[in-house]
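Colleague: I'm new to this and I'd like to know where the labels come from. Could we go through a few of them together?

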Amino acid sequence: MQQSFGHDNRLSFPGWAMVLAVEVVVFVLIIGFLLSPGPLFLIAAPLVAVLSLYLLRRRPSTLKILTHQFRQYRKLALVGIGILLLATPIVLASNVYWLFNLVLVGIFLTAALGLNLQMGSAGIPNMAAAAYYGLGAYTAGLMLTRLDVPSELTLIAGPAIAALFSVLLFIPLLRTSGFYMALVSVSFQIIFVIVIENLEFTGGPLGIRNIPYLSLLGFQFGSSHNVFGIKLPTYADFFYLACLMSIAALVVFNRLYHSWVGVTLSTIRDDPVVAATSGIHTKKWTLIAFTLGNACMGLAGAYYAQLANYISPNIFGLERTLILISIVILGGIDNVLGVVLGTFIIILIPERLRFLGDYRFLIYGIALMLGLILRPRGLLPFRVRDFGLSARNSASTSDG
Amino acid sequence: MASKITQRRLIFVSFLIATLFLTQCQAAEGEKPTVNLAFIGPLTGTHSSGGQGGYNGFMLAINEANADPNSKYHYEVEAVDDECKEDVAVQAVLKAATNEDIVAVSGHYCSATALAAADLYHQYQLPNVVWGAGHPDVTYGNDYPEMMRVLGTLIEQNTVNAKWTFAHGYKRVAALYETSDYGQSHFDNFSNAFTELGGEIVLSKGVNKDSTDVTAELTDIKASNPDAIYLGSSAPLSIAALLNMERLGMDDIQVVGTSGMRITQVPDTAGSAAEGAICFVDGVPIEKMPGGAKLLADYEAAGFEVEIQIPWTPFAYSAAQLIIEAVEAVGPDRVAITQYLNENTTNKDTVFGKVTFDDHGQNIEAPFTAYVVQDGSWVPFDDSEYATGERQLIPPTSE
Amino acid sequence: MSALEVLAQQLINGLMLGVMYALIAVGFTLYFGVLNIIHFAHGDMVIVGSFAALGLYTVMSAVGLSIPPLPLLIILLIGSSIITAVVGVASERIFIKPVSKAPQIMSLLVTLGLSITLRESIRIFYPRGTDPHPYPVLLPVGYFKLGEVVVRYDNIILFLFAMFMMVILFMIIQRTKIGYGIRAVAQDDEAAKMMGVDADRTIDITFVIGSVLAAVGGVMNGIYYGQIFFATGFMAGLIGFSAAIIGGLGSVYGAIAGGFLFGLIETLASALLPFGSEYRRAIAFLVVLIFLVFRPQGILGEKLSERV
């Protein structure tokens, strides 16, 4: 009865309006959170976000209606998001600092999606994420400053080199599992930082300076542009490209997740024995997931180098790996949308709450632990894939 | 039912948001026009005592200007934390640079952060009078008029150090340095200056800056039988090295170090192992600074949480002095301030002494002072019992 | 110094560094053996132990208690063990046990979070926690020379005491009733429960033992290096973890061997290789990687029952 009631009422509140309203509210909350000078919005925005997440969890029917509407008005929803993203630099024109931070969100999102494929989908605890991110950045930095290679090429070479270096860890990865994999990758991470800090070729501890801004097909990034009479602020170009990059990654990984590849990887993660007996080449798929994930980090790194103009060994240390891992954990392991949420939280909130000063990392550590205990599957937990068999699948939702 | 509640909730939420937006509006007030400046440094983290000491010095000068009825402007300062990390520094500087109200900055304690952000200062034409970062490239590694610095560079510091060391008969020196930008640059400059004088670097060992155990490196150094050990490291590694030396019975070798050692934690933590160690610091002792006594008294009176940091507090104070003078002269305009500071900073009196910027915005009158640990605290070498002959430095072995 | 004397001195350096690593490594082995978890915060627990003893010492000297060094050392060891054990058991009950049955990666991440929390808590809540702190001198500081080789009395005491502690741990696990319980829970906690072993209590006891090890390690670290610093725990923990794996996770003697191996590699790499001092840690971790490829079960570990 409840269900049919809901359907009737929905007509009085048109679905398209609901879709747009949700998008606008989320947009206003984020922008308000970033820009408001006083503490009110600062507290209100996360509060509203948490409250609505909680309510949606408590009332699956509301969630169902919302998802249904988003499915139905898929094109409208996408157009809405597109317009809001296009408008973001204009809204933030006088606050370029936050635009820059949103570019960082895009970069970290791309890298974290790669890590999510490894850690979330395939169950490889890659603690060398920052090293692969750094490999991309150093590839771009060295090519641009030493070899004078066109910028476009670095966006291909960055991920390619990161993928190439994945091969180095293939043998140890194949021969180990679980904690041993963590140790393999953490060793690589530590060795990477020591090597780039001590090689003269990589600029030593000072790293690489004066890396030129990105330029693509003759278009120079990093300055303000006039488009159709609208003056776009600096970093607007970087923002749009970062959006494209992370959305492309989102689409690819979402497709992967819902394809048989995603199922294969999850099977390997959850029970390698079952996977092997079902005829899955577990090793092949582990290596593919590892390489593809690292390539994503390499791409993010190459992009970062040409955004910040400066890279040095400190930026690619273990601490950065921990940040990427937190992003994946907080949002929900093996959940593409969760990674988006996690990136926003981990990158923007500490930046905004700088007045917390010395307590920042303490809160961070406690939040990470509490999050893992209270919500072991993250804020947006793992969903069972919907292959149109939802009724049958609902029995097996409890995933360890 | 469900969607009716959703509908109400949406209305309620949008109402809430609208109210919040309205309450955000704030009215500005004040009689004098306000000028915004920014201070950038490590306000949290491992280097926070240096950063806070600098910030307090900066604020003392600002508060004085604000209390001065003759000043044309009221100064507001935004403190931005760079955590001594390069990527955070890029964000921090961007925060200041893209805020058009901010007309000048005094920034950076760790050289890597200053170098990481140098391009941004230039791009946004934001003048920055560096108060704490000593790497030569901060001013000499670019042609940016925006980058200026009140303290001397590591080149000069190590030239002074090398001359002193050589003149005191230490001709064969072994070096232990950290493989950070700080340690590497110190060691390179010392090594250049020292070999030019005819000295010999008998052995050099670079180690990770977080090391606590350097007994292996020190044993090799001991075996190389040097006259003295050069420590190219900031405080943590210096402390570890001094304590490790004591453990290896290396109390018969003189230690010379860098300005990074001259904080009270070194003699406090290393105790007897630090006795007699020498280091070289920018500026003159605070008692001999023109405004030193007053600064010391004001600092004590203000009751800051962090004790005064020599020389960082006076440097940040003087950076504020220079910036305020420029703003008073040409008004709150980034380009004009940059130009004024570059053209008019000649023989300027500041709290720690004269400042003259060369064509790279580098203060060329930055003096250096040798300090020695005497009875658990740093004492200017010339005022110490080592200078009067009551105590002896460890003599060079090769004599 | 002759080449032989230098080598002898380097061996002493390497053994001392190794024994410090070994003390941490046996903790990892203990936790892994019982709970099948990697306690990533164990390195930071060592620092907690170190600071607990220093805090006690500071309080005691502030109220004017003057105790001769040896009884003082014993009081500090016991006091710091108690404080560290309380922290250890509390963090186990609140944070670690809830995820001990979850996939390995969860406990790894929770203990990573715990590591950040402990480290930051020391920095913020210990007076002047950001600075390095001098450690009291609790052992005789003199030395004798064999040729040019310096042998310190406190080195000998520290070394023997650390070995003694680790052998005691081995005895507890192998020979006592508590040890039987621990090993029973390690193998199959449900079967252990059926046999009348209180699994919860056994886990608590494991954390008490682990925390006491951390406290002793912390105090010894402080005495040996003469200083403590809040941030050093994580890397020490990582090395302890590596040493435990090189030795063979779950084996006490393996962890000791792993610790010594790591310490000697670092020391000898620095002493014997050109640019060794810069790359000493990279070389040590490279050895870890090679071990993982060719002998993943470690020096003394049993052959892994490799699934798939």
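Modeller: Sure, let's start with a rule: a salt bridge is a side-chain nitrogen of Lys or Arg within 4 Å of a carboxyl oxygen of Asp or Glu. Keep in mind that this is a predicted model, where local features need pLDDT of at least 70, side-chain atom pairs count only at pLDDT 80 or more, and totals for chains, interfaces and linings use all residues. Residues are numbered from 1 along each chain as its sequence is written, chains are lettered from A and ligands numbered from 1 in the order in which they are written, and side-chain values use heavy atoms, with hydrogens and water left out.

Colleague: What makes Glu200(B) and Arg172(B) a salt bridge?

Modeller: Their side chains are 3.8 Å apart, N to O, and the rule asks for within 4 Å, so the pair passes. Glu200(B) sits in strand 7 (residues 200-207) and Arg172(B) in strand 6 (residues 172-178) of chain B, so this bridge ties together parts 28 residues apart in sequence. Strands here are DSSP runs of E with at least two residues, helices are runs of H or I with at least four, and both are numbered from the N terminus.

Colleague: Why is Glu200(B) called partly exposed?

Modeller: Buried means under 20% relative accessible area, exposed means over 50%, and partly exposed is in between, with a 1.4 Å probe and protein chains only. Glu200(B) has 41%, so it falls in the middle class. Arg172(B), at 27%, is partly exposed too.

Colleague: How do you know that Arg123(C) and Glu120(C) are buried?

Modeller: Arg123(C) comes to 7% and Glu120(C) to 9%; the cut-off is under 20%, so both names fit. These two also meet in a salt bridge, at 2.8 Å, N to O. They are three residues apart in helix 4 (residues 104-125) of chain C, which means about one helical turn between them.

Colleague: What are Arg128(C) and Asp131(C) called, buried or exposed?

Modeller: One of each! Arg128(C) has 52%, so it counts as exposed, while Asp131(C) has 11% and counts as buried. Their side chains form a salt bridge as well, at 2.9 Å, N to O.

Colleague: And which residues is Thr286(A) in contact with, beyond its neighbours within four places in sequence?

Modeller: Ile124(A) and Ile268(A); contact means heavy atoms within 4.5 Å. Thr286(A) belongs to helix 14 (residues 282-308) of chain A, and its 12% relative accessibility is why it counts as buried.
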